[in-house]
Amino acid sequence: MKSKLTAITVAVIVIVLIILDGFVLVNAGEVGVIFDRGRGILPNAMDAGIHLKIPFWQTVTHYTIRTQAYTMSVGEEYSGDYPIEARSRDGQSVRIDATVLYHITAVDAPVIKTTLGSEDDYKNVVVTPKARSILREVVARYDALDLVSEKRTEIVSAMNAALGSSLAENKVTLDEVVLRDINFSPDFAKAIEEKQIAFQRIKTAEYQKQEAEQLKQKKIIEAQAEAEAIKLKGETLRANPAVIQFEFVQKMAPQINWGILPSGALPLIDLKSLTQ
């Protein structure tokens with residue numbers, strides 16, 4: 001009886017293990033690649049959910065199909081690799097902080113399993129070395145100052161194009177190269193700062209010169225307008241002598257009263273009001 005119970009117990013345990021090994025849970029954002037001991041890696045990956053497989057005959061490798069990040073930066077917020085040390089075209093030492101965003105597709109996961117292995121394998125064999133090498137090569141095509149000028153956008157585009165093409169050869173899709181920070185040697189950084197200060201001074205001087213020129217033109221225009229007004233006024237007075245009398249009356253002191261008298265009459269002037 002004791003031996004019989006032991007055999008039953010073992011059988012139950014074996015059956016439970018077989019049942020448990022026959023179920024596969026694939027989490028959201030993942031796919032499962034099946035390796036069959038007889039047929040090798042199966043071409044169709046498992047989507048998220050619960051699946052059945054042949055117990056102990058098939059094994060499943062899980063792959064993330066979400067966007068992943070490979071960061072090259074030294075900092076508390078990052079647990080990635082070290083920044084890229086590179087040389088610009090003009091020989092300056094450059095340190096690049098960057099992040100490479102990438103993903104794989106469910107269709108390509110079985111191919112990656114066949115050619116590159118697990119997630120850690122393709123990260124270490126493909127993503128890391130290619131990212132560091134290609135970004136370094138792109139920097140070498142440009143002068144150091146190009147990295148902090150309007151050409152920076154062009155440089156990032158070149159990085160995306162070169163790295164995207166290279167990763168695609170191994171069925172890895174590049175989402176984006178994020179160029180976060182560029183650092184130079186202390187001496188070169190100081191030279192850049194001094195050049196930038198000098199440039200700003202030149203721009204300020206040019207602005208002040210333009211402002212002075214505009215003020216000068218404004219004064220010339222105002223003077224010309226005033227001269228033209230005086231000229232027109234003189235022509236009007238010469239053509240209409242009566243206007244002179246009117247202007248005289250307008251300029252008189254407000255305490256002097258004027259009136260229109262008949263022809264030949266003598267004007268009466270209030271001498272008292274004048275003396276006041």
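**A tour starting at T64**

Select T64 and show its surroundings: leaving out residues up to four places away in sequence, T64 touches G29, E30, I104, E119 and Y122, where touching, or contact, means heavy atoms within 4.5 Å. The model is predicted, so that local features need pLDDT of at least 70 and side-chain atom pairs count only at pLDDT 80 or more, whereas totals for chains, interfaces and linings use all residues. Residues are numbered from 1 along each chain as its sequence is written, and side-chain values use heavy atoms, with hydrogens and water left out.

Stay on T64 and colour strand β5, residues 58-64, to which T64 belongs; helices (H or I, at least four residues) and strands (E, at least two) are DSSP runs, numbered from the N terminus. Is T64 buried or exposed? T64 counts as buried because its relative accessibility is 17%, and buried means under 20% relative accessible area, exposed over 50%, and partly exposed in between (1.4 Å probe, protein chains only).

Next, add the partners of β5, which belongs to an open sheet of three strands in the order β3-β2-β5 with antiparallel pairing; two strands pair if DSSP finds at least two bridges between them. The edge strands are β3 (40-41) and β5, each of which pairs on one side only. Between β2 and β5, which run antiparallel, there are seven bridges, and if you select V31 you will find Y63 of β5 standing opposite.

Keep Y63 selected, as Y63 is among the residues with the most contacts inside the largest nonpolar core, a group of 40 residues where M72, V100, Y122, L135, M159 and L163 are also in that list. A nonpolar core is a set of buried Ala, Val, Leu, Ile, Met, Phe, Trp, Tyr and Cys residues joined through side-chain atoms within 4.5 Å. Elements that give two or more residues to this core include β2 (30-36), β6 (68-72) and α4 (152-168), while α3 gives the most, with eight residues. Apart from this core lies another, of six residues, among them V26, I34, M46 and V60.

Now select M72, whose contacts, leaving aside neighbours within four places in sequence, include D81, Y82, I96, V100, A131, L135 and R180.

Finally, go to L52, which lies in strand β4. L52 counts as exposed because its relative accessibility is 62%.
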